[in-house]
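Let's work through a few exercises together. Keep the structure open beside you and try each task before you read its solution.

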Amino acid sequence: MTIIQILRSSILAGICIGIAGFGYLAEKSIIGAVLFAFGLLTVVHYALKLYTGTAGFIKKGELGQLFLILGGNLIGCLLVALIVRCSPMPLQETAQKILEGRLAVGPLKGGILAIGCGFIMTTAVTFARQGKNLPLLFGVPLFIMCGFPHCVADAFYYMCVPVSFIGSNLVDTLVFYIAIVIGNFIGCNLYRILIKN
């Protein structure tokens, strides 16, 4: 794939996760967590480029491509986050509560928790590539209910938070975010770290 193709695919993947996150903000319960799976099912069905769906499968020399994918995912999330600001539902307040909870955990613990999400994502995508979508339907609600941060979904939530809150917590948010990106990457590659084949 060319850089433009990767960027287009990753932006669309970000939009899918943003829409799924929109649904979760509207119904922050087990129902919302299950509905969130729509985003990942769409990403896998159309073979879109998502950071956590790619990190466990990249080959040597493709790390730069992974950062391009994450950048595209963030752009897609931003587009949906702008729509959130038009909604009459209290979505921004719900997003702020999520961010407050993340910041209270701190970057070290957040990064460790993010490993769980990465592990679940690589497992679910591995099965989905074989036409078995049930692990996605269970895995997505599982990482949400466990409080395992997903760097693309979290980015969407942060972009929905009122600007005044983000402005006063920008450094802490960035540090936490970097920690979960790294944690997701480690979790996505646990199979490769522990089992060579």
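Here are four exercises on this predicted model, each with a worked solution.

**Exercise 1: two helices that meet**

Work out how helix H1 and helix H5 are oriented where they pack.

*Solution.* Start by finding the pair: H1 covers residues 3-26 and H5 covers residues 91-105. Next, take the geometry: their axes sit 9 Å apart, at an angle of about 95°. Angles of 65 to 115 degrees count as roughly perpendicular, so H1 is roughly perpendicular to H5. Finally, look at who makes the contact: H1 brings Phe22, Tyr24, Leu25 and Ala26, while H5 brings Leu91, Thr94, Ala95 and Ile98.

**Exercise 2: hunting for a salt bridge**

Find which side chains meet in a salt bridge, then decide whether each partner is buried or exposed.

*Solution.* Here's the general idea: side chains of opposite charge can pair when their charged atoms come close. Searching the whole structure turns up one salt bridge. The side chains involved belong to Arg102 and Asp154, with 2.7 Å from N to O. Now place them: Arg102 is in helix H5 and Asp154 is in helix H8 (residues 151-160), so this pair, 52 residues apart, links distant parts of the chain. For burial, the cut-off is under 20% relative accessible area. Arg102 has 16%, so Arg102 is buried. Asp154 has 1%, so Asp154 counts as buried too.

**Exercise 3: Leu12 and Thr42**

Compare the surroundings of Leu12 and Thr42: which is buried, and which is partly exposed?

*Solution.* First, locate them. Leu12 lies in helix H1, and Thr42 is in helix H2 (residues 30-45). They're 30 residues apart along the chain, and their C-alpha atoms are separated by 9.9 Å. Then check accessibility. Leu12 has 41% relative accessibility, so Leu12 counts as partly exposed. Thr42 has 15%, so Thr42 counts as buried. As a last step, see what Thr42 touches: leaving aside neighbours within four places in sequence, Thr42 is in contact with Cys16 and Leu48.

**Exercise 4: a nonpolar patch**

Track down the residues of the nonpolar patch on the surface and say which elements give two or more of them.

*Solution.* Pick out Phe119, Ile178, Ile182, Ile186, Tyr191, Ile193, Leu194 and Ile195, which together have about 770 Å² of accessible area. The elements giving two or more residues are helix H10 (170-188) and helix H11 (190-194). Now zoom in on one member, Ile182, which lies in H10. With a relative accessible area of 47%, Ile182 is partly exposed.

Methods
Residues are numbered from 1 along each chain as its sequence is written. This is a predicted model: local features need pLDDT of at least 70, side-chain atom pairs count only at pLDDT 80 or more; totals for chains, interfaces and linings use all residues. Side-chain values use heavy atoms; hydrogens and water are left out. Patches are made of residues with over 30% relative accessible area and no salt bridge: like charges are joined within 9 Å, nonpolar side chains (Val, Leu, Ile, Met, Phe, Trp, Tyr) within 5 Å. Accessible areas come from the Shrake-Rupley method with a 1.4 Å probe; for residues, only the protein chains shown count as cover. A salt bridge is a side-chain nitrogen of Lys or Arg within 4 Å of a carboxyl oxygen of Asp or Glu. Helices (H or I, at least four residues) and strands (E, at least two) are DSSP runs, numbered from the N terminus. Buried means under 20% relative accessible area, exposed over 50%, partly exposed in between (1.4 Å probe, protein chains only). Axes are lines fitted to C-alpha atoms, for helices over the stretch in contact, and angles run from 0 to 180 degrees between N-to-C directions. Angles under 35 degrees count as roughly parallel, over 145 as roughly antiparallel, 65 to 115 as roughly perpendicular and the rest as oblique. Contact means heavy atoms within 4.5 Å.
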